[in-house]
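Trainee: Could you pick one part of this model and take me through it closely? I'd like to see how it ties in with its surroundings.

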4 protein chains.
Amino acid sequence: MIIILKRDADPAKVETLSKFLQEQGLIIQDIKGENTHMIGLAGDTSHLSREQIEANDFVESVKKISEPYKLAGRKFHPEDTIVDVGGHKIGGGNFAVIAGPCSVESEEQILSIARDVAASGAAFLRGGAFKPRSSPYAFQGMGLDGLELLKIARQKTGLPIVTEILNPVHLEAFARDVDVIQIGARNMQNFSLLREVGALKKPVLLKRGLCATIEETLMAAEYLMASGAKDIVICERGIRTYETATRNTLDLSAVPVIKSKSHLPVVVDPSHGTGYWHLVEPMALGAVAVGADGLIIEVHNAPQYALCDGAQSITPEVFHRLMKRIAKVHAAVNEG
Amino acid sequence: MIIILKRDADPAKVETLSKFLQEQGLIIQDIKGENTHMIGLAGDTSHLSREQIEANDFVESVKKISEPYKLAGRKFHPEDTIVDVGGHKIGGGNFAVIAGPCSVESEEQILSIARDVAASGAAFLRGGAFKPRSSPYAFQGMGLDGLELLKIARQKTGLPIVTEILNPVHLEAFARDVDVIQIGARNMQNFSLLREVGALKKPVLLKRGLCATIEETLMAAEYLMASGAKDIVICERGIRTYETATRNTLDLSAVPVIKSKSHLPVVVDPSHGTGYWHLVEPMALGAVAVGADGLIIEVHNAPQYALCDGAQSITPEVFHRLMKRIAKVHAAVNEG
Amino acid sequence: MIIILKRDADPAKVETLSKFLQEQGLIIQDIKGENTHMIGLAGDTSHLSREQIEANDFVESVKKISEPYKLAGRKFHPEDTIVDVGGHKIGGGNFAVIAGPCSVESEEQILSIARDVAASGAAFLRGGAFKPRSSPYAFQGMGLDGLELLKIARQKTGLPIVTEILNPVHLEAFARDVDVIQIGARNMQNFSLLREVGALKKPVLLKRGLCATIEETLMAAEYLMASGAKDIVICERGIRTYETATRNTLDLSAVPVIKSKSHLPVVVDPSHGTGYWHLVEPMALGAVAVGADGLIIEVHNAPQYALCDGAQSITPEVFHRLMKRIAKVHAAVNEG
Amino acid sequence: MIIILKRDADPAKVETLSKFLQEQGLIIQDIKGENTHMIGLAGDTSHLSREQIEANDFVESVKKISEPYKLAGRKFHPEDTIVDVGGHKIGGGNFAVIAGPCSVESEEQILSIARDVAASGAAFLRGGAFKPRSSPYAFQGMGLDGLELLKIARQKTGLPIVTEILNPVHLEAFARDVDVIQIGARNMQNFSLLREVGALKKPVLLKRGLCATIEETLMAAEYLMASGAKDIVICERGIRTYETATRNTLDLSAVPVIKSKSHLPVVVDPSHGTGYWHLVEPMALGAVAVGADGLIIEVHNAPQYALCDGAQSITPEVFHRLMKRIAKVHAAVNEG
């Protein structure tokens with residue numbers, strides 16, 4: 001941490017602050033130039049609040065140097081984490097595709113799609129039982145009945161299930177029935193939910209928030225890990241920008257950035273990331289090329305009748321073709 | 001709703017879609033030009049999903065025309081809502097200031113600040129018992145003990161209390177003890193929390209999400225209202241932009257925009273909106289001038305020792321002076 | 001400047017870099033903790049490129065500490081600059097309103113509006129002769145003929161004229177005929193234009209770019225000043241964000257921030273800043289309350305027939321009423 | 001174009017507006033529902049200003065339906081444009097890489113890099129002679145001397161040269177000496193420069209502005225084309241967002257979006273798009289996978305001594321390896 005002082009900072013006040021910091025075990029180093037006076041702090045500053053120090057009227061600004069995450073960071077955990085759900089692996093060189101409908105609508109629908117995506121090579125089945133919708137009047141998901149249908153689909157196809165939790169009241173059901181618990185973008189900073197889900201110690205798919213920085217996303221993973229979870233998959237799903245041609249702006253550069261800073265696997269959601277089915281295919285290939293550990297893709301047998309997100313769902317036929325192209329690009333990126 | 005068709009749209013498919021829409025009671029109107037073909041829909045389209053229609057491959061895009069909120073909108077509720085908590089009113093010409101520390105730290109602290117802000121003319125006391133912190137290692141608030149201290153402060157000063165709920169497990173305590181339940185920015189789209197808090201039918205302070213649009217903010221209010229709440233105060237607290245000179249970009253234009261679209265009162269938080277105590281005063285006056293119904297301001301007796309948000313807290317002395325200036329600007333804006 | 005080194009930085013390479021920096025007259029200070037190694041630089045680092053140092057593979061990142069602007073900054077020029085055009089002053093306590101149509105359309109139009117705004121108390125006349133339009137097919141302004149009409153309006157009303165330059169081919173005409181040369185938002189980083197306009201040593205109205213940071217805006221002022229200009233008025237005109245309810249997001253907090261960092265006067269453009277005439281009035285008052293030195297407002301006698309920007313123009317009647325309200329709020333903000 | 005009227009719109013005023021629009025040759029269609037009244041316009045609305053219509057107080061809002069660009073759009077020009085500079089082609093299935101240093105620094109430097117990138121398979125040489133720098137004190141490029149060195153490099157390697165124009169005073173030199181004239185991101189809406197460069201009818205590399213929408217980018221291309229240019233290459237180079245882990249957010253989804261709307265080739269700049277050399281390689285591969293027609297990459301023989309943009313430049317060795325990987329991914333994406 002670096003503290004930049006105002007030009008006319010009262011030396012007595014600076015002295016008081018320095019002593020306070022030294023008492024916390026930090027090493028203080030004064031850096032003085034003609035027009036600048038800074039204090040460099042070495043040691044563990046993770047418990048120190050930038051705001052608290054900036055509240056001193058003789059401080060101009062404070063810059064944090066070291067990363068605030070420890071469990072999620074690569075610094076003390078250099079090797080890649082591999083999330084392994086009954087042999088279905090993501091990370092550390094294992095590429096996996098999670099596919100399925102936006103929401104579970106009926107047994108026939110989920111079974112049909114699950115079989116199709118399994119046949120095309122998907123490793124996990126996604127499907128929403130509880131749906132976060134921006135309108136209270138929109139379809140909110142089938143709830144626990146949807147979870148039951150997912151379990152049937154898992155039994156028939158062998159695909160582990162990934163589904164989103166919205167309310168802590170369902171923690172027990174998710175702990176028992178769900179293979180990978182999804183934290184949605186809108187709940188990425190729902191810290192009490194993060195703590196409670198983390199305490200289940202199950203695999204978690206953590207979606208980046210709508211306007212979360214990469215650092216905030218890793219801090220959300222840190223919450224999960226500080227509560228006990230180990231197997232976290234981070235999902236880039238597009239961020240909010242001024243551009244309106246796409247639903248979100250898919251930030252593919254987040255993949256190599258996160259992988260350089262963290263040992264956790266990173267998957268990409270080109271469906272929410274773009275909002276349009278015809279962009280899913282190119283952006284899925286792009287995600288493979290930038291080094292993602294996997295993809296999560298919305299597939300629906302009849303998108304025009306889907307109860308949600310039809311515009312961004314691809315059909316099983318398109319998915320089948322896409323999986324073949326993904327394999328080719330993945331091979332090209334990773335050979336020699 | 002307007003459906004823009006692709007140039008080469010298959011007439012048979014368009015016909016099928018038109019029939020489907022007519023069966024839902026909508027009035028269909030074809031608009032054909034040399035190079036464009038659109039379908040205009042009149043009637044109640046609130047249950048119709050843009051995504052579902054865009055999933056048809058002959059549709060270029062869909063534009064929603066009418067506002068998706070009904071209870072929160074001014075269209076069917078033209079008169080201003082006045083939130084009245086034991087005579088402390090916000091909205092409909094009633095201007096109120098909510099003040100207090102970021103978090104409750106001790107009985108002495110909260111009592112001292114509560115007395116100070118009450119003496120300066122604040123109408124409500126704020127103070128966090130449960131704090132959403134981006135780091136799991138940062139101070140998370142005193143919890144239910146903090147709530148008890150807030151109750152003592154209310155008893156001593158007569159100020160109703162405003163505090164944030166994070167976890168539905170505390171709903172009962174909040175229903176019993178809190179006057180105005182705050183939904184924080186990070187939970188603005190925590191739809192299950194919105195529904196549960198709304199069902200309490202208590203006054204709610206709803207903070208705009210970090211990158212929520214005005215429409216999404218009003219839809220969050222709609223969730224609360226659809227569950228039974230009536231007395232909702234919307235809070236502009238800055239949005240996330242590329243600018244780093246301030247913690248957030250305080251969007252004061254949101255005040256007149258929301259007030260034109262909704263009957264709900266709007267307050268402004270210049271503390272979180274800027275992140276720096278020296279910007280609180282000018283932006284508070286700006287909020288008054290653009291027509292806000294109130295302010296929520298962080299006040300701390302010793303900001304440099306505050307357990308959170310010290311950098312954006314003002315002292316009781318500054319607050320006292322600011323309240324006098326607020327009164328003058330409010331009078332100037334609203335006279336003749 | 002602070003250089004943060006990678007954990008495994010090769011000491012020999014660090015030594016080489018340190019020597020290179022010392023040879024440039026900088027004072028080097030090593031800051032070493034258990035897990036961090038930083039180099040603090042004191043002295044004049046303005047000629048040092050962050051990118052160049054980050055190109056070293058043993059460097060993790062570089063943080064600039066001191067402000068990159070000198071002439072525009074308040075550090076070495078603490079007193080407010082007052083821009084004075086024939087007694088019409090902006091800055092240092094002088095509040096001024098610049099008003100007029102988006103574009104000059106005819107002698108009758110500009111004369112009528114100029115007389116109206118002068119009568120209501122405007123201190124400067126604005127009007128576009130050369131218009132930057134996003135479509136090549138839209139009205140591009142009357143060009144030099146428009147400049148002639150502005151001169152007539154100045155003669156009849158005594159108001160100095162403010163108008164935008166687009167092409168350096170018109171530098172001579174602007175030097176001769178225009179009182180305050182406007183650099184538009186889209187040209188804020190047209191550095192060759194900045195240098196050429198700066199060399200005229202005339203007053204300049206510099207609009208913040210569509211997504212310019214405050215620092216970049218001050219660096220654009222620095223370009224003008226480094227070429228010889230002294231009298232620069234900075235204009236906040238809204239920035240681009242994800243919000244679509246307004247044309248731009250008017251960043252009123254930029255006013256106190258710029259005024260704390262720079263001695264230059266700051267005016268606000270609520271017309272472009274919002275895009276809607278009914279938001280001009282509240283946001284103009286807000287700008288006064290946050291401490292702006294003036295306003296620039298689009299006024300048109302018949303907005304629905306305006307050749308550009310009709311939606312954000314107010315009528316002379318509304319302007320007249322607004323000027324009275326501005327005076328009241330200005331007095332309330334600045335008294336005692 | 002769709003005009004949404006206010007609920008209480010005066011029928012007489014609506015009638016007047018409708019007549020005015022009909023007189024302009026537009027077909028008017030009324031769409032009335034219980035709570036909505038819209039007017040649909042069919043015909044050529046490109047000369048109609050949204051703002052002008054919104055200036056009517058009985059109009060709630062106006063939505064443009066058809067794309068404002070004609071020459072740049074795919075609607076009337078379905079086949080891909082191929083830009084061909086002496087056999088070096090971009091677009092329509094031709095993939096090309098433009099490579100070279102940020103700025104020309106010396107004959108030795110540019111010749112060495114040009115030879116290296118040519119040997120690795122680059123099709124064009126980039127190099128800045130005139131540099132847009134955010135600080136007036138930073139290196140501004142070698143100017144016309146730099147242009148001479150680029151010509152020598154072209155002669156020695158056969159690579160056509162791509163370099164940026166900043167000032168119209170150099171139009172003649174660029175027309176004579178430069179193969180592909182670059183319009184930089186900061187000048188994307190410098191409309192007078194666009195018109196003058198367009199009139200040269202030479203190939204242009206048009207960089208997307210720092211916060212330009214895709215539509216605005218295509219409108220900038222429209223400016224060039226309306227002035228006579230035909231061979232325009234659009235360059236995605238990252239947009240400004242709130243994320244600070246990268247210099248810009250590279251919007252790879254812009255590639256398939258632009259290619260669906262326009263016939264012009266699209267290249268990607270992963271150097272400016274990320275700001276860090278270690279992200280250039282993955283993002284270059286990602287650009288290939290999403291369907292870009294080419295890349296523009298900064299290559300420097302000694303990045304740590306580069307006079308600009310060292311942090312984002314890769315060495316010739318890395319470039320050589322990258323070119324091989326690009327070829328593999330390109331083949332994988334485009335086969336069968």
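Mentor: Let's go through the places where chain A meets its partners, and then what lies behind them. Keep in mind that this is a predicted model, in which local features need pLDDT of at least 70 and side-chain atom pairs count only at pLDDT 80 or more, while totals for chains, interfaces and linings use all residues. Residues are numbered from 1 along each chain as its sequence is written, and chains are lettered from A and ligands numbered from 1 in the order in which they are written.

Start with chains A and D. Their contact takes 33 residues from chain A and 33 residues from chain D (two residues are in contact if their C-beta atoms, placed from the backbone, lie within 7 Å). On the chain A side, helix 8 (254–261), helix 10 and helix 11 (316–334) each supply at least two residues, and helix 10 gives the most, with 8 residues. Helices here are DSSP runs of H or I with at least four residues, strands are runs of E with at least two, and both are numbered from the N terminus. By class, that side of chain A divides into 20 nonpolar, 9 polar and 4 charged residues; Ala, Val, Leu, Ile, Met, Phe, Trp, Tyr, Cys and Pro count as nonpolar, Asp, Glu, Lys and Arg as charged, and the others, Gly among them, as polar.

Now the symmetry. A rotation of 180° with 0.0 Å of shift along its axis superposes chain A on chain D, with an RMSD of 0.0 Å, and that is the relation of a two-fold axis. In chain A, the C-alpha nearest the axis belongs to A:Gly286, 2.2 Å from it. The superposition is by least squares on the C-alpha atoms of residues with pLDDT of at least 70 in both copies. Because 100% of the interface residues of chain A are also interface residues in chain D, the copies meet through the same surface.

Helix 10 of chain A turns up again inside: it brings 10 residues, the largest share, to the largest nonpolar core. That core has 416 residues, and those with the most contacts inside it are A:Leu206, B:Leu206, C:Leu206 and D:Leu206. A nonpolar core is a set of buried Ala, Val, Leu, Ile, Met, Phe, Trp, Tyr and Cys residues joined through C-beta atoms within 7 Å; buried means 20 or more other C-beta atoms within 10 Å of a residue's own, exposed 12 or fewer, and partly exposed in between, with C-beta atoms placed from the backbone.

Chain C is next. Here the contact takes 20 residues from chain A and 20 residues from chain C. Strand 1 (2–5), strand 2 (27–32) and strand 3 (37–42) of chain A each give two or more residues, with strand 2 giving the most, 4 residues. The chain A side has 8 nonpolar, 8 polar and 4 charged residues.

Those strands also hold on to one another. Strands 1 and 3 of chain A pair in the antiparallel sense over 3 bridges, with A:Ile4 opposite A:Met38; pairing takes at least two DSSP bridges. Strands 2 and 3 of chain A run antiparallel too, joined by 6 bridges, and A:Asp30 has A:Ile39 as its bridge partner. In strand 3 of chain A, 5 of the 6 residues are buried, so it is largely enclosed by the rest of the structure.
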